[in-house]
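User: I would like to learn how to read contacts between chains and charged pairs in a model of this kind. Could you take me through it step by step?

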Amino acid sequence: MANTNSQHSGHGSSGHGGHHIIPFQIYIKVAAALIVLTFATVFFHWLHLGALAAPVAFLIAAVKAALVMLFFMGLKYDDKLNQVIFGCGFFFLLVLFGFSALDIWTRIKEISTL
Amino acid sequence: MGTTTATHSGEINYINEFKGLKSWFTSLDHKRIGLMYMISVMFFFLLGGLAALLLRLELLKPGGQFLTPDQYNQVLTYHGAIMVFMVIIPGIPAVLGNFFLPLHIGAKDVAFPRLNLASWYVFMFGALLAASTMFTSKIDTGWTFYTPYSIKTGTAVVTMVLAAFIMGMSSILTGLNFIVTVHKLRAPGMTMHRMPLFVWALYSTAILQVLATPVLGITLLLLVAERTLGVGIFDPALGGDPVLFQHFFWFYSHPAVYIMILPAMGVVSELITTFSKKTIFGYTAIAYSSLGIAGVSFFVWGHHMFVSGQSEIAGIVFSFITMLVGVPTAIKMFNWLATLYKGSISFQSPMLYAMGFMFLFAIGGVTGIMLAVLATDVHFHDTYFVVAHFHYVMVGGTLMALMGGFYYWFPKMFGKMYNESLARLTFIFIFVGFNVTFFPQFILGAMGMPRRYFDYIPAYQSLNAISTVGSWLIGTGFLLSLYVLVQGLRKGEKAPANPWGSKTLEWTVPSPPIHTNFEVDPIVKAGPYEYK
Amino acid sequence: MSTNNHASTSGHHFAHHFRDANHEFESAKQGIWLFMVTEILMFGGLFVAYTIFHNIYPEMFAEGAKQLDWRMGFFNTLVLIMSSLTMALGIYYLQVGQSKKAVRSLAITLVCGAIFMVVKYFEYTAKIHHGFLPGRFLDVHHVNPEHANLGLYFGFYFCMTGLHGIHVLLGMGLITWVMIRAMKGEFGPDYYTPVEGVGIFWHIVDLIWIFLFPLLYLVG
């Protein structure tokens, strides 16, 4: 390539020269944690927490999801920009949920006969 | 792969370097893919335009003319679906964007050339699938596919909806490609704040394409599931909610409105500064207002649903947030005006279209604020006022800018000049015709004429007749444009590298550019609009 | 065409519009992440609808969940976690230059995906056999539901697990593709971009199941 100019503007495109290799041990530990948390999900289900059951199950799932994203998908060691990009997806999902729920909470909850 | 045999015409460029149809259909060159999109979009524009002319002809007089009510609904659906999904959404990004984004930032190509070609094939597959329903069972739902009618009607909704899903995938791939291109492929020295404003607009559009289209995807899949499996999510009999369909649909389709208009604003920024021979006023404000519009667009979709039965509280919240859209939009308007101030303005055909854009978009924008107000919207909703409003934005805005951009970049794309006086004449036809067609519709709407109907009461006759005559003027204008294009291609003089005296990178290379865009990789040392 | 690639010192080729192999890798990776965002938003739409209706009809959803066999969901969760681990290890082995082990890891991933689909198949046939069909096709006489709109729950069940299943199948196809390329020795520490991309896709499939399992099988 003709261009050997090192002053390039694309941010983060040449931040770290090689690829980050996540140690073998971390993968095994993360998988173990995921399996433990899966058992925890079922355990809490047996406790019959009533109204708390759904939030607890969701919370455990969120922790598991975070582990998968950070280590298996390597987001922890990735570009800041890629982290922001992936975060954006969840943010706009929340927007979709927020406004749809706002409408339905103030409408259907009051009129549904089912 | 074609062979390199272009020596007879002197210089080698992206058009003549490779020969044969196969070299086009397998080309990974963003410029060639842009041209392929251009031909496809023009074809679908012709179809959608014919449908529009048919509708206006039917509405010339009250009572049925030559279409049955069912046929009218079908023509209306095809006009809307074709114009939205196959013309206005891909129009500027896929044609002009594909061609000029890499040139603007000093790159050799987009980040993923193969994906770029694939997105054209995906688009064509979806578009032809959609068109195929015209020969099987014409659909009559309107382009919005509202439930519960879209679940009950016996027409080819599933095919059409899957086609829209596929075209959505193409749109996502284009957007994804553009975002990575902007992030990663800028030439040395081309900082984000030295990018042309057209690139900023395409960048904001691409973000919308990636973030909004997937929700349309799942909505359409759920509609298919509803029709085939009867899952009940949108069916009140099972406790589902048809209004939820509208929420999901407009979560995409409102940002899609900005997918249509943001690139147009980018084109206009280029035109205004070039033909005023003056540095653009408020570069940063214009650049970030594009992102601002993109951001706000995700919070306002409920203003399409004021009379859908959504809760009053939701309506009030959406009404207030919608007003915010006016802020970044006005920022752009005022910066363009300030750019014109004391500039050396030359009224060449691209500039005429840019001025036309500003005039028509101002009307479209201000009537938009009227519709954002919950109380007035209840009166105007589903009348011709709304029809006029969004045509002022989508045709008066996006198509005007597309035409302006097309006349501006034509010399660069094809290396030929066109007939300038004829080009100005096309503007006059389209601009006058547009106002004659759509301004009366504001009055008709205020008088209460409902939209989407095949018939109307005699009181609305005279304004409808004027509107129909206007549609013929617009049609003439576009046909004339086609003539200008063909004549320019065949007999036009050779275009210089920079016919307008512009400052952006694409004008530093020969017209038309070579296959790899730049002979020497550019190193950027200044902003895009340093005129004085 | 623009395939006049440049060879880097290690023998790996990158396209002409990139500066070097790392530039190409970083760009490709960003593209993959953007694509994953679209996946999140697409599945997210379903989750949003699920959350809304679950909150309106909690008892009906609980009734639906009781009809599912949580042990099958539990087993499948473990299978997918295993597959995610072996997928990640596949990339790890490529990074450290042990491509034989990498191919083996990818093969195990593929087998896990297949096991998942087989379990899914048995679940589906059982549900269909007992008349637990989506929406208005729910066999009311056979099922005798407590809640009139139990079909809505099974509408969600089949849509969510169905779309997820399609992704599992797509992922298995992609894994087969990179596995064959890995066997031909096309990947190594310098170049494994496609495997990285397929890996991220596969983890997304796992991620979605992590939420589907408690939401559909346990809480209901």
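Analyst: What follows goes from an interface between chains, through salt bridges, to the two domains of one chain. Please keep in mind throughout that this is a predicted model.

User: Where chain A and chain C meet, how many residues are in contact, and how much area do the two chains bury between them?

Analyst: An interface can be read first by its residues and then by its area. Here 58 residues of chain A are in contact with 55 residues of chain C, and the two chains bury about 5000 Å² between them, with 78% of that area on carbon and sulfur atoms.

User: Which polar and charged links does one find across the interface of chain A and chain C?

Analyst: A salt bridge is counted when a side-chain nitrogen of Lys or Arg lies within 4 Å of a carboxyl oxygen of Asp or Glu. By that rule there is one salt bridge across the interface of chain A and chain C, and it joins the side chains of Lys29(C) and Asp78(A), with 3.1 Å from N to O. Between the same two chains, four residue pairs are in polar contact, both residues of each pair being at pLDDT 80 or more.

User: Which helices of chain A supply the side that touches chain C, and what classes of residue are found there?

Analyst: On the side of chain A that touches chain C, at least two residues come from each of α1 (24-46), α2 (53-72), α3 (80-105) and α4 (108-111) of chain A. The largest share, 14 residues, is supplied by α3(A). Sorted by class, that side of chain A has 38 nonpolar, 16 polar and four charged residues.

User: How many salt bridges are there over all chains, and which parts of chain B does the pair of Asp521(B) and Lys108(B) tie together?

Analyst: The count over all chains comes to 13 salt bridges. In one of them Asp521(B) pairs with Lys108(B), the closest N and O atoms being 3.5 Å apart. Because Asp521(B) lies in the segment after α16 (461-491) of chain B and Lys108(B) in the loop between α3 (69-105) and α4 (113-132) of chain B, the pair ties together parts that are 413 residues apart in sequence. As for accessibility, Asp521(B) is partly exposed at 22%, whereas Lys108(B) is buried, with a relative accessible area of 18%.

User: How should I read a salt bridge that lies within one helix?

Analyst: For such a pair, the spacing along the helix is worth checking. Arg424(B) and Glu420(B) form a salt bridge whose closest N and O atoms are 2.8 Å apart, and since they are four residues apart in helix α15 (residues 420-447) of chain B, about one helical turn separates them. Arg424(B) is partly exposed, at 34% relative accessibility.

User: Which residues are joined into one network by salt bridges that share partners?

Analyst: In chain C, the side chains of Asp69(C) and Arg71(C) meet in a salt bridge of 3.1 Å, N to O; Asp69(C) is partly exposed at 26%, and Arg71(C) is exposed at 54%. As for networks, shared partners join Asp78(A), Lys29(C) and Glu196(C) into one.

User: Into which domains is chain A divided, and how many salt bridges cross between them?

Analyst: Chain A is divided into domain 1 (22-77) and domain 2 (79-114), with 23 Å between their centres, taken over C-alpha atoms. Five residues of domain 1 are in contact with five residues of domain 2, and the area buried between these domains is about 340 Å², 72% of it from carbon and sulfur atoms. Zero salt bridges are found across this interface.

Technical notes:
Residues are numbered from 1 along each chain as its sequence is written. Chains are lettered from A and ligands numbered from 1 in the order in which they are written. This is a predicted model: local features need pLDDT of at least 70, side-chain atom pairs count only at pLDDT 80 or more; totals for chains, interfaces and linings use all residues. Side-chain values use heavy atoms; hydrogens and water are left out. Contact means heavy atoms within 4.5 Å. Buried area is the accessible area (1.4 Å probe) that two parts lose on being put together, summed over both. A polar contact is a pair of N or O atoms within 3.5 Å; within protein, one must be able to donate a hydrogen and the other to accept it, and residues adjacent in sequence count only if both atoms are side-chain atoms. Ala, Val, Leu, Ile, Met, Phe, Trp, Tyr, Cys and Pro count as nonpolar, Asp, Glu, Lys and Arg as charged, and the others, Gly among them, as polar. Buried means under 20% relative accessible area, exposed over 50%, partly exposed in between (1.4 Å probe, protein chains only). Domain bounds come from an automatic or database domain assignment.
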